[in-house]
Amino acid sequence: MANEGGQEPTGAGSKQKHRLERKWTFWFDNQSKPKQGAAWGTSLRKIYTFDTVEEFWCLYDQIFRPSKFPANADFHLFKSGIEPKWEDPECANGGKWSVTSSRKANLDNMWLETLMALIGEQFDESDDICGVVASVRQRQDKLALWTKTATNEALQMSIGRKWKEIIDVTDKITYSFHDDSRRDKSIRGRYNV
Ligand code: MGP
């Protein structure tokens, strides 16, 4: 039985929860005290997998607000089963749309709008999306939307346009291939929208 919002309630009585279309996982990478010589990803942790609206809000309120962290931390929301790494098979041929933000409050807003769009399945191309990463940095915060099929330009352009609407960005944003980032940090993005 669907409720007014069209979502499936689970459980009974006042404890009913609203089931999401799929499972999502929050990840966290605290790089504020990096160990010298440690390989990338050693501080990356899977935190919690959820599939209800109520769990999402609880996790978001308690932990996953980027502005709570001063600097050098990454927050991730990825589809359950996909690791936020270039090496993950679903990400290996993918890339990311990126935006920067010089205001903490702005990062929080864009992050939350993206989270809601993802768990609410607002992208027509949701199958191609892996997840989103918020990077809290001293100078400039960053937000990146990771997708699967980097070479499909039309698909990526469509995702990029939709994402800009969601996060209310009018400046140009850039799409880069993970494969380029892996080989040479200086390679610029491939698509702009
Ligand atoms: P980054 O954080 O994606 O880039 O990667 P950015 O935004 O240029 O840098 P930052 O300093 O603001 O974080 C930074 C570096 O981390 C890369 O050059 C890689 O060495 C390493 N790295 C990042 N990612 C996402 C991966 C990954 O998925 N796998 C591996 N092996 N290394 C990664």
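Mentor: One thing before we start: contact here means heavy atoms within 4.5 Å of each other. And keep in mind that this is a predicted model.

Trainee: Fine. Which residues does L77 touch, not counting those up to four places away in sequence?

Mentor: W24, T25, F26, F50, W111, L115, L118, I119, C130, G131 and V132. Each of them is called a contact because it has a heavy atom within 4.5 Å of one in L77.

Trainee: What makes L77 part of a nonpolar core?

Mentor: A core takes buried residues of certain types, Leu among them, joined through side-chain atoms within 4.5 Å. L77 belongs to the largest core, of 42 residues, and has the most contacts inside it along with W97 and W111. Core members must be buried, so L77 has under 20% relative accessible area. Helix 2 (residues 104-119) gives the most to this core, with eight residues.

Trainee: Which residues make up the other core?

Mentor: That one has nine residues, including W27, C91, V133 and W146. It lies apart from the 42-residue core, so no side-chain link within 4.5 Å joins the two sets.

Trainee: How do you know that strand 5 and strand 8 pair?

Mentor: Pairing takes at least two bridges. Strand 5 (residues 95-101) and strand 8 (residues 174-177) have four, in the antiparallel sense, so they qualify. W97 stands opposite Y175 of strand 8 there.

Trainee: And why do strand 8 and strand 9 count as a pair?

Mentor: Strand 9 (residues 191-192) shares two bridges with strand 8, also antiparallel. The cut-off is at least two, so the pair is counted. Y175 turns up again, opposite Y191 this time.

Trainee: Now the largest pocket. What makes K96 a lining residue?

Mentor: A lining residue has an atom within 4 Å of a pocket point. K96 is one of 42 lining residues, so some atom of K96 passes that test. K96 is also among the five closest to the centre, with W86, R137, K142 and K185. The volume of this pocket is about 1,300 Å³.

Trainee: How does its lining divide by class?

Mentor: Into 13 nonpolar, 16 polar and 13 charged residues. K96, K142, K185 and R137 go in the charged class, because Lys and Arg count as charged.

Trainee: Which residues are closest to the centre of the second largest pocket?

Mentor: V99, T100, N106, V169 and D171, out of 15 in the lining. That pocket has a volume of about 210 Å³, and strand 5 gives the most to its lining, with four residues.

Technical notes
Residues are numbered from 1 along each chain as its sequence is written. This is a predicted model: local features need pLDDT of at least 70, side-chain atom pairs count only at pLDDT 80 or more; totals for chains, interfaces and linings use all residues. Side-chain values use heavy atoms; hydrogens and water are left out. Buried means under 20% relative accessible area, exposed over 50%, partly exposed in between (1.4 Å probe, protein chains only). On a 1 Å grid over the protein atoms alone, a cavity is a set of points where a 1.4 Å probe fits but cannot get out, and a pocket is an open set with protein on both sides within 12 Å along at least five of seven lines; lining residues have an atom within 4 Å of a point. Grid points are joined across faces, edges and corners, and a volume is the space filled by probe spheres set on the points.
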